[in-house]
Amino acid sequence: MKKASVFMIIGPLLLLGLYAFPLWNIMLGAPQYPEPMGMNIYINGIKGVEEFDIQNIDGLNHYIGMKTIPKPEEMWEFSVFPIVVGAMVFFGVMIGLLGFMEKVSYRWFFGWFVLMAVLGLLGMYDFNAWMTDYGTDLDPRAIMKLTHPDGTPMTYKPPLLGNEKMLNFDVTSLPSAGGYLMFLGMLLTLVAGYLGYKKSNKK
Amino acid sequence: MRKYKYLFFGLLGVFALMTGCNNQGKSGAKGALGSSVADRVYVPPGEYDDFYAFFSGGYTGNLTVYGLPSGRMFKEIPVFSQFPTNGYGYSEETKPMLNTSFGFVPWDDSHHPDISQTNGELDGRWIFINGNNTPRIARIDLTTFETVEIIEVPNSAGNHSSSFITENTEYVVAGTRFSVPVPQRDMPIKDYKGNFKGAISFISVAPETGLMDIKFQLMMPGFNYDLSHPGRNKSHGWFFFTTYNTEEANTLMEVNSSQNDKDFIAAVNWKKIEEYVNNGGGTMMPAEYAHNVYDEHTHTATSTMKKEVLTVDPTKVPGAVYFLPTPKSPHGCDVDPSGEYIIGNGKLSADLTVHSFTNMIDAIENEKFDGEAYGIPILKFEEVLGGVVTQAGLGPLHTEFDGKGNAYTTFFISSEVVKWKLGTWEVLDRQPSYYSVGHGMIPGGNSQKPFGKYYVSMNKITKDRYLPVGPEMEHSAQLYDISGDKMELLYDFPTHGEPHYAAGIPAEKLIANSRKIYKLSENKHPYAALTANDTKLVRDGKVVHVYMSTIRSHFTPDNIEGIKVGDEVYFHITNQEQDFDVPHGFAMIGATNAELLIAPGQTKTLLWEPKKVGVWPFYCTDFCSALHQEMQGYVRVSPADSDLELSWSLGD
């Protein structure tokens, strides 16, 4: 159980990477942008990959009537996410420590994982909902109002994961360093749970 | 597949060498047989050249940027000439750049670019170039590729033996081609001899900022100081100048200044003079010369008129200046990478005279003099001579070096480039140039560390090399591959204006430092509109300041009323873009100056003096976006006695 608990302590600590590294990254390349512009999505706000990327993405988006990319204070998520992540790290480490002292069972490890997974999925759902709004709630006075061949208005929701061609832009959306650290951390807590489970069955 | 092909021909080449029946075996192995010449100058779409090459524009007054080996031109940098293309010399910010003691001079004749060096190697911070006609030296920043400083050179005329830099960019040197009365005065021309002076200026370059300042002017006898180069490596601390017209003739010069069998190369120990000056030596004399500095934060140049210059009489500094007799009106004065050989290209001779620095020092120490001229010791020709390249060609002008012990000299009259070996003085190869080559250039060929892959000849006569375009045409350059034993002519390409010299540098030394935008947050222009809220109009009598901004794809404001006939309207346009390669242009109907091309983050100002009542449009001249055609606006101009107040708007 000691080994399992060490994993359970390290796993949540990896989530601290979310404070330093982006959770997600969206890159936009186009014929005129051989060096693509990009957004790094942190738990506390959105930043350009290069200094002026956000400004330049907003500048282009105004043609198709998209709202500007939100500042941290414009979305409640950017103040709540850091607290939620911090709390989860704290609880995770506490559970790990208690496990180390044999005060709690491996079930708590799974419990933390399930809670984190649920919160993560909620976060993804929320993120996707924002992107849908961002890509579809367009200014009716937009300079360019484009339609699909069937006549329906074109919308510009970036993909949640993977690559999509949007007008002249190739948009690629993938987890970034903070996100990968989070996944790894969560995986470690699963391992911790599994090791704990094996150990307790041996007894 | 191609590799095997090379291998095959390589083997063929080796075989040919061994059997001794093909004396070009080595160049065969290098690929003359194995690949077409076209392959070696072809830079595929989207790929970069290996070298930057900066060609002087001659009578364009500017500097052009090319790539090698492709010969593609990337940019024309305005330096000494007004440039309506972007408003240089027309905009209020850049007019001061062309200010001189003669007033505003809109043109010059730019000659010899030289890239800054550290420890004798190209460092790629700045490139300097001389204005020949109204003597000036300019400094161009190689992060923005814009002219950032111009200093006028007083007491000089025909600023030709310029702008060459010492090996740590301590000085940029400017010598006068025409000697003149110093100070200028009303006197008979025929009294030239003994009365005119030849000023050689040592302009210090501040190590961090690059700012130039005339440290001292050496007042030499009234010869013509044609070209120069710094000592380097072992001869660092010296500077060498070719002279002609040591006859001091003042008329029918082509005959009268070609009589002496030998003219001189002047060897100047500038370290010694620097020490003399630092210890209070020299005479401050009244002078008038402009010093123009461009500030990249205010995006504005200021011109300051300087009032005095420190002069040095060479006879007052013993051991500082010597004359090296050099046959037949030498033109180019070139110093090899080791600093040992000083090549005097005697343009009326068939031979090349090479002086040895070691011999020169020895001759000085042992006082092997052959008289003196105006108190300056003349060293014995035989004592300083290092060697002679005999019968190399006709009309030698300039020599460059490949860093592998070879020199390449241009011959104007016999129209060829001749490769010869330093030390043995044997001619190794010769290739025709089309036609009448002036200067040649090897990237870094004028430093301790040349990059001896290509040689570019800059030819004075173009004639039939390209499709005919009437009597007047651009000049022509030729690219040679010099990586093998023999030079190979690869390519012809036209060059803008008349390049008198060029400077090349490996691309990787500049690419990373090249700026993409100016940051708005660093824009300190007093009339900048950094946000749309800063846009406004301010009237002060007849002067109206328009604080205008541009961003894709509109001007703010784009409707202006209350302007009157007779007003002086200053359009201060700030380009608020912060994206690479999104300039906006500004053109106003009836403007008698030029347009503005404003880089992202920059502010530029155009003066417009409306003469007619009406509603007059302005527009963006640079196809900035899909809505570029919509990027326009109107100015309503009312009669001079109108009471209409200023008003402005966007989107109302």
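**Two chains, their interface and their cores**

Let me start with one pair of residues: Lys519(B) forms a salt bridge with Glu51(A), and the closest N and O atoms are 2.8 Å apart. Please keep in mind throughout that this is a predicted model.

That pair belongs to the interface, so to speak of the setting: the count between chain A and chain B is 2 salt bridges. The rule also finds 7 residue pairs in polar contact across the interface of the two chains, both residues at pLDDT 80 or more. On the side of chain A that touches chain B, the elements giving two or more residues are strand 2 (33-42) and helix 2 (53-61) of chain A. Helix 2 of chain A gives the largest share of that side, 3 residues. Sorted by class, the side of chain A that touches chain B has 5 nonpolar, 3 polar and 2 charged residues.

How many residues of each chain are in contact with the other? There are 10 in chain A and 10 in chain B. Between them the two chains bury about 880 Å², and 47% of that is on carbon and sulfur atoms. Within chain A, the residues that lose the most area to chain B are Phe52(A), Asn56(A) and Tyr63(A), together 47% of what that side buries.

Now to the interior. In soluble globular proteins, nonpolar side chains tend to be buried together. Here, the largest nonpolar core has 50 residues, and those touching the most other members are Leu15(A), Met39(A), Ile46(A), Phe109(A), Trp112(A) and Phe169(A). Several elements of chain A give two or more residues to this core, including helix 1 (2-14), strand 1 (24-30), helix 3 (77-100), strand 5 (169-175) and helix 5 (177-202). Strand 2 and helix 2 of chain A, already named for the interface, are also among them. Which element gives the largest share of this core? That is helix 4 of chain A, with 9 residues.

Take Met39(A) as an example from this core. Leaving aside neighbours within four places in sequence, Met39(A) is in contact with Trp24(A), Asn25(A), Ile26(A), Leu28(A), Ile46(A), Lys47(A), Val49(A), Ile54(A), Ile57(A) and Ile69(A). Apart from the largest core lies another, of 43 residues, among them Ile77(B), Phe83(B), Met458(B) and Ala503(B).

I will finish with three residues of chain B.

Met285(B) sits in strand 17, residues 283-295. Is Met285(B) buried or exposed? Its relative accessible area is 13%, under the 20% cut-off, so Met285(B) is buried. Not counting residues up to four places away in sequence, Met285(B) touches Asn155(B), Val182(B), Pro183(B), Lys307(B), Glu308(B), Val309(B) and Thr311(B). From Phe223(B), Met285(B) is 62 residues away in sequence and 21 Å away in space, C-alpha to C-alpha.

Thr326(B) is in strand 19, residues 321-327. With a relative accessible area of 0%, Thr326(B) is buried. With residues up to four places away in sequence not counted, Thr326(B) touches Lys262(B), Asp263(B), Phe264(B), Ile265(B), Gly344(B), Thr353(B) and His355(B).

Last comes Arg40(B), found in helix 3 of chain B, residues 37-41. Arg40(B) counts as buried because its relative accessible area is 17%, and buried means under 20%. Which residue does the side chain of Arg40(B) join in a polar contact of 3.0 Å? The partner is the side chain of Asp481(B).

Methods: Residues are numbered from 1 along each chain as its sequence is written. Chains are lettered from A and ligands numbered from 1 in the order in which they are written. This is a predicted model: local features need pLDDT of at least 70, side-chain atom pairs count only at pLDDT 80 or more; totals for chains, interfaces and linings use all residues. Side-chain values use heavy atoms; hydrogens and water are left out. Contact means heavy atoms within 4.5 Å. Buried area is the accessible area (1.4 Å probe) that two parts lose on being put together, summed over both. A salt bridge is a side-chain nitrogen of Lys or Arg within 4 Å of a carboxyl oxygen of Asp or Glu. A polar contact is a pair of N or O atoms within 3.5 Å; within protein, one must be able to donate a hydrogen and the other to accept it, and residues adjacent in sequence count only if both atoms are side-chain atoms. Helices (H or I, at least four residues) and strands (E, at least two) are DSSP runs, numbered from the N terminus. Ala, Val, Leu, Ile, Met, Phe, Trp, Tyr, Cys and Pro count as nonpolar, Asp, Glu, Lys and Arg as charged, and the others, Gly among them, as polar. A nonpolar core is a set of buried Ala, Val, Leu, Ile, Met, Phe, Trp, Tyr and Cys residues joined through side-chain atoms within 4.5 Å. Buried means under 20% relative accessible area, exposed over 50%, partly exposed in between (1.4 Å probe, protein chains only).
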